[in-house]
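Here are some exercises to work through with the structure open beside you. Try each task before you read its solution.

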Amino acid sequence: MKASLYRKSVLVIVIIVASSLFIAFLGANHYYHQRLQPANDNKMTAITKKIGRFYQQLPAKQRQTYLQTIAKSGYQIAVIDRNGKTDFYGRQFRQKNFPGNKRQTIFAGHTYHGIRAFRKGILVTGFFDSDITDTIGVRLNRRQALLLRTDPDVQFGELRVYFTVLSVLAVILALVLLFIALRMLVRPILRLTKATEKIAAGDYQKPEIKVPSRDELGRLIVAFKKMAAALAQVEASRNQFVADVSHDLQSPLTALNGYAKELQQSDLPAATRAEYLQIIQQETERLSSLTKQLLLLASVSQEQVLTQKKSIQVAEQLRQVIQTFLFQLDEKDLLVSTHLVEFAILGNADLLFQVWQNLLTNAIRYAPVGSTISITQQVKAETLQVEISNQGAQIPPDIQAHLFDRFYRADQTRGTTHSGLGLAIAQEIVTIHGGHISVKSMPEVTTFCVSLPLKR
Amino acid sequence: MQQILIADDNTDLRRLVRNQLAAAGFDTIEASDGQQAVTLAEQHDVVLVILDIMMPKLDGVAACGAIKRAKDLPVIMLTAKSDIFDKQKGFAAGCDDYLTKPFDERELLFRVQALLRRYHNLLANVIEIGKIRLNRQQYSLEVAGEELYLPLKEFELLYQLAARPQQIFPRETLIQHIWGTDYDGSDRTVDVHIKRLRSHLPANSGIEIKTMRGVGYSLEVTV
């Protein structure tokens, strides 16, 4: 049998109803024994004594008729003599045997409080038991004693049925309604399960589940839909990524293959040979940098959250990065002007170093020969802002919008050796550090600004 | 001739580096693993070591540490791994500079020469003059909370002039010191660089580069 939430809930509810009834019954019984039974005993003692006194005042002939009349109005009566011979009036006792020692106590002049003392176990009131010991007993005269109890069948038999029907109906109705409600509760879960199975099978189409309400389940379904949408987007961008990667790997490989074949011809002029070799060298460089960047991007993308955070002196990192670019700076006769402040942030030093490296690479690549690159740091509103700007040409707004896309290259010219991943990687790294990266390009000055939350 | 030790397990890469260094007038010896590199560095009179980071027996980082403990030699690391991840380790082991594969032959020479210049300058690597501070260790010019990184030739020019303020340096002397004795360009190169250097000097530097007509250049403190 398949495990079912519905079946389980039904079982739980039945168990709950049954045990509530049981416990309620125990409680009511306890209350009956503690409070109602003594009260009933007192009431009955008074009635029995009155009946007894009136019986004595009546002439002997009328006494039996009197007791019969009383019995009919809802009492069970026994008149017992010293030897234990008993006359019964009203409905028969089910247990008729009255113990001798108790009889003697009554004839000794003591009132017998059988109702107060009556016990039939924790689950039974004994109220409907019709037992001769469950009576009040008084001495009538030297020979006779009177035993009396109410006959609940006569007095409130219908009420008993009424309450039984009421409780049974209430329980049945409650169960039925609960089952229906449960079915309605479980149904969206069943639908959700189906939708989940679809996604697990790789179908990222938008799941069509109605949101039943704004309760927890409704929120779950809304969240589920959001997740499904996010997954669909991840899937789409992954496909795009794979397409981009294979294109960017294929094109340099194709070029390599083609030029290598050309070079196999022996009759090429030396100048052409040199040109082809240079192309081959450029393309391998490009492949090399692309694979490097792809590996880095893969490792950064996997790291959704920063696992190992350390305190990083950003100024020191920036100085180090400049050192690594001394050659490239010198090649283009670039001056780097820096304004650094010593502030620490929390993060992954290796990854952050990559951000500065990528930004400076770009700044150098698009800087005019002999111009100035400036790197400034400032603290603003709990963030450390690092601005790297060059004096390159203004980036058109439509290109700005795509700058941080993977594989986007501002100059689509062939022979460029960079991968178009640098800014995408930088953005990814800055994002997992809880910061953000932006670009501001004007004629003469283009600035990339990275803001990172300060170490708290 | 100055001798450079190249340690790399890849024969082709060693040949490449050897050719490039030979073309620039360096003598080379080669090691194919880390242990051999340490032994050769101890036995031979080398001026600089180029170490690949991935090598059999003893990796570049460990070899660098061993060499640094035995001898005070400048070390350049080569790494094929995704950039930065090894750098921290390399620097921690005491390496002085590094290069990421694939590298430009000119960059290799540039770094070798810069490192040699820095390493064998027994004078202090810091000069304070006027309101500026020149740090030859990182090629920076510090002034009033800012750090400037000049193109190398300009820095070397400024450093040379700042080492002896008021002294007049003829163009030929400057060329010999900065471009090397076998430089065959014209004296005008110095003028071009001086011109750029002047434009790059901040207004509040407290120094001035004076032209001594027909003779050369000198640096004067103006504060």
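## Exercise 1: a helix with a bend

Helix H5 of chain A bends by about 40 degrees at A:Glu158. Keep in mind that this is a predicted model.

**Task.** Work out whether the end-to-end distance of helix H5 of chain A agrees or disagrees with its number of residues.

**Solution.**
- Step 1. Begin with the range: helix H5 of chain A covers residues 152-200, which makes 49 residues.
- Step 2. At 1.5 Å a residue, the helix should span 72 Å.
- Step 3. The C-alpha atoms at its ends are 67 Å apart, which agrees with the expected span.
- Step 4. Now look at what follows: just after H5 of chain A, A:Gly202 takes a positive phi of about 100 degrees.

**Task.** Which elements do the buried residues of H5 of chain A pack against?

**Solution.**
- Step 1. Find the buried residues, among them A:Leu175, A:Leu182, A:Val186, A:Leu192, A:Ala195 and A:Ile199.
- Step 2. Recall that residues three or four places apart in an α-helix point the same way, because there are 3.6 residues a turn.
- Step 3. The packing partners in chain A are helix H1 (5-57), strand E5 (144-150) and helix H6 (216-264).

## Exercise 2: where the chains meet

**Task.** Describe the interface of chain B and chain A: how many residues are in contact, and what area is buried?

**Solution.**
- Step 1. On the chain B side 29 residues are in contact with 28 residues of chain A.
- Step 2. The buried area is about 2800 Å², and carbon and sulfur atoms give 52% of it.
- Step 3. For polar links, there are 8 residue pairs in polar contact between the chains, and 3 salt bridges cross the interface.
- Step 4. One salt bridge joins the side chains of A:Arg319 and B:Glu147, at 2.6 Å from N to O.
- Step 5. Elements of chain B that give two or more residues to this side include helix H5 (105-120), strand E9 (146-149) and helix H8 (188-200).

## Exercise 3: two loop residues

**Task.** Decide for A:Val369 and for B:Asp8: buried or exposed?

**Solution.**
- Step 1. A:Val369 sits in the loop between helix H10 (349-365) and strand E9 (372-380) of chain A. Its relative accessible area is 62%, so A:Val369 is exposed.
- Step 2. Beyond its neighbours within four places in sequence, A:Val369 is in contact with A:Lys332 and A:Asp333.
- Step 3. B:Asp8 sits in the loop between strand E1 (3-7) and helix H1 (11-23) of chain B. Its relative accessible area is 1%, so B:Asp8 is buried.
- Step 4. The B:Asp8 side chain reaches the backbone nitrogen of B:Asn10 at 2.8 Å. Outside its neighbours within four places in sequence, the contacts of B:Asp8 include B:Arg14, B:Ser32, B:Asp52 and B:Lys101.

## Exercise 4: salt bridges in chain B

**Task.** Which parts of chain B does the salt bridge between B:Glu30 and B:Arg18 tie together?

**Solution.**
- Step 1. Check the distance: the closest N and O atoms of B:Glu30 and B:Arg18 are 2.5 Å apart.
- Step 2. B:Glu30 lies in strand E2 (residues 27-31) and B:Arg18 in helix H1 of chain B, so the pair ties together parts 12 residues apart in sequence.
- Step 3. B:Glu30 is partly exposed at 23% relative accessibility, and B:Arg18 is partly exposed at 31%.

Methods: Residues numbered from 1 in each chain as written. Chains lettered and ligands numbered in written order. Predicted model: local features only at pLDDT ≥ 70, side-chain atom pairs only at ≥ 80, totals over all residues. Heavy atoms only, no water. Helix = DSSP H or I, 4+ residues; strand = E, 2+ residues; numbered from the N terminus. Expected span 1.5 Å × (residues − 1). Bend = angle between axes of the 7 residues up to and from the residue. Buried < 20%, exposed > 50% of the residue type's maximum accessible area, 1.4 Å probe, protein only. Contact = heavy atoms within 4.5 Å. Buried area = accessible area lost by both parts, 1.4 Å probe. Salt bridge = Lys/Arg side-chain N within 4 Å of Asp/Glu carboxyl O. Polar contact = N/O pair within 3.5 Å; in protein donor to acceptor, adjacent residues only side chain to side chain.
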